[in-house]
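Q: I have a model open and would like to go through it piece by piece. Could you help me read it?

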Amino acid sequence: MRIAVITTGFAAHEKDYGGAAAILNLIKQLSNYNDIELVVFSFYYPAGKPDYNIGNVKIFSFALKPEAGKLEKIRIWKRCETKFGDEFQKNRFDLIHSMWSGESGFIAAGLSRKFNVPMVTNVNGGELAGLPAIKFGYRLKFFQRYFVNKSFLQAKKIICGSDFIISKIKQYYNSDIAAKAIKLPFGIDIALFKPAPKKYDINSTMLINIANAVPVKSHFTLFKA
């Protein structure tokens, strides 16, 4: 099976866990199967690194520089579509898998229709969130909601990491869309995440947080608490 993975960003190298480590681990694990070939199409990260490999996985990245304005985003989408078409001509894809159901899901949906390739999409972050107090969530912005809607309409399956995400789909969408939702967590790489050898005093205070250092994760609130 040949799978095209459409994503807004991917790891720049095998030890690049600064972004979505779970996605990198998933792709690495899938690439171990002899009957699966993976090709990743990454919009924005890493910038200036158009063609590289991580193990058996081929990655194409389309950003020329770290910052992309609205016009450059459209150019990036077009470059992605052109490269997808080139790869499809060499050997057709059996499946398109979009990581995130917003922008990458929208582009994946268009490719799915144009090339007649079935598509699945992952809900990974704020696609179903709308939290105005912290200005977070795709549901706060018209175009982001539009992208998610188009992604969900085209997808054969909508992959969710939890029952909570599925409940949000049922809240916002009709029964036909909700019927596509399946719970399929990424899982844990037990070689990477394992009990630390150091023992801690159970009576002491410990703060545990796994998140990128971006404002929406509100590390300041954690430290203040």
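Q: How are α3 and α4 oriented to each other: roughly parallel, roughly perpendicular or oblique?
A: This is a predicted model, and in it α3 and α4 are oblique to each other. Their axes come within 8 Å and cross at roughly 40 degrees, and an angle counts as oblique because it falls outside the ranges for roughly parallel (under 35 degrees), roughly perpendicular (65 to 115) and roughly antiparallel (over 145).

Q: And which hand does the crossing of α3 and α4 have, left or right?
A: The crossing in which α3 passes α4 is left-handed.

Q: Which residues of α3 and α4 meet there?
A: From α3 the residues are E103, G105, F106, A109, S112 and R113, and they meet Q144, Y146, F147, K150, S151 and Q154 in α4. Sorted by class, this contact of α3 with α4 has four nonpolar, five polar and three charged residues.

Q: Why do helix contacts so often skip along the sequence in steps of three or four?
A: An α-helix has 3.6 residues a turn, so residues three or four places apart point the same way.

Q: OK, now α2 and α3. At what angle do they pack, and how far apart are their axes?
A: Helix α2, which covers residues 70-90, packs with α3 at an angle of about 40 degrees, and the two axes are 11 Å apart. Helices α2 and α3 are therefore oblique to each other, and their crossing is right-handed.

Q: Which residues make the contact of α2 with α3?
A: On the α2 side they are K73, W77, E81, F84, G85 and F88, while α3 contributes E103, I107, L111, K114 and F115. The residues of this contact divide into six nonpolar, one polar and four charged.

Q: I noticed K114 in that list; is K114 buried or exposed?
A: K114, which is found in helix α3, is exposed, with a relative accessible area of 55%. The cut-off for exposed is over 50%, so K114 falls into that class. K114 and E81 are 33 residues apart in sequence, and their C-alpha atoms are 9.9 Å apart in space.

Q: Let me move to α1. Which residues of α1 are buried?
A: In α1 the buried residues are A21, I23, L24, N25 and I27. The buried residues of this helix pack against β1 (2-9), β2, β3, β4 (57-61) and β5 (95-99).

Q: What does N25 touch?
A: Setting aside residues up to four places away in sequence, N25 touches Y17, D189 and L192. N25 has a relative accessible area of 11%, so it is counted as buried.

Q: What about S31, where is it?
A: S31 lies in the loop between α1 and β2, and with a relative accessible area of 12% it is buried. Leaving aside neighbours within four places in sequence, S31 is in contact with L38, N56 and V57. S31 and G55 are 24 residues apart in sequence, with 8.0 Å between their C-alpha atoms.

Q: Changing topic to the backbone, which peptide bond is cis?
A: The peptide bond from Y45 to P46 is cis, with omega near 0 degrees. P46 is found in the loop between β2 (37-45) and β3 (51-54). As background, most peptide bonds are trans, and most residues other than glycine have a negative phi.

Q: Which sign does phi of N116 have, positive or negative?
A: N116 has a positive phi of about 55 degrees although it is not a glycine. This residue, N116, lies in the loop between α3 (103-115) and β6 (119-122), and it is exposed, with a relative accessible area of 64%.

Q: And what is phi of K135?
A: Phi of K135 is near 55 degrees, a positive value in a residue other than glycine. K135 is found in the loop between β6 and α4 (142-154), and at a relative accessible area of 76% it is exposed.

Q: Last topic, the cysteines. How many disulfides does a search of the whole structure find?
A: The search of the whole structure finds zero disulfides.

Q: Are C80 and C160 buried or exposed?
A: C80 counts as buried, at 0% relative accessibility. C160 counts as buried too, at 0% relative accessibility.

Definitions and conventions. Residues are numbered from 1 along each chain as its sequence is written. This is a predicted model: local features need pLDDT of at least 70, side-chain atom pairs count only at pLDDT 80 or more; totals for chains, interfaces and linings use all residues. Side-chain values use heavy atoms; hydrogens and water are left out. A disulfide is a pair of cysteine sulfur atoms within 2.5 Å. Buried means under 20% relative accessible area, exposed over 50%, partly exposed in between (1.4 Å probe, protein chains only). Helices (H or I, at least four residues) and strands (E, at least two) are DSSP runs, numbered from the N terminus. Axes are lines fitted to C-alpha atoms, for helices over the stretch in contact, and angles run from 0 to 180 degrees between N-to-C directions. A crossing is left-handed if the near helix is turned anticlockwise from the far one by less than a right angle, and right-handed if clockwise. Contact means heavy atoms within 4.5 Å. Ala, Val, Leu, Ile, Met, Phe, Trp, Tyr, Cys and Pro count as nonpolar, Asp, Glu, Lys and Arg as charged, and the others, Gly among them, as polar.
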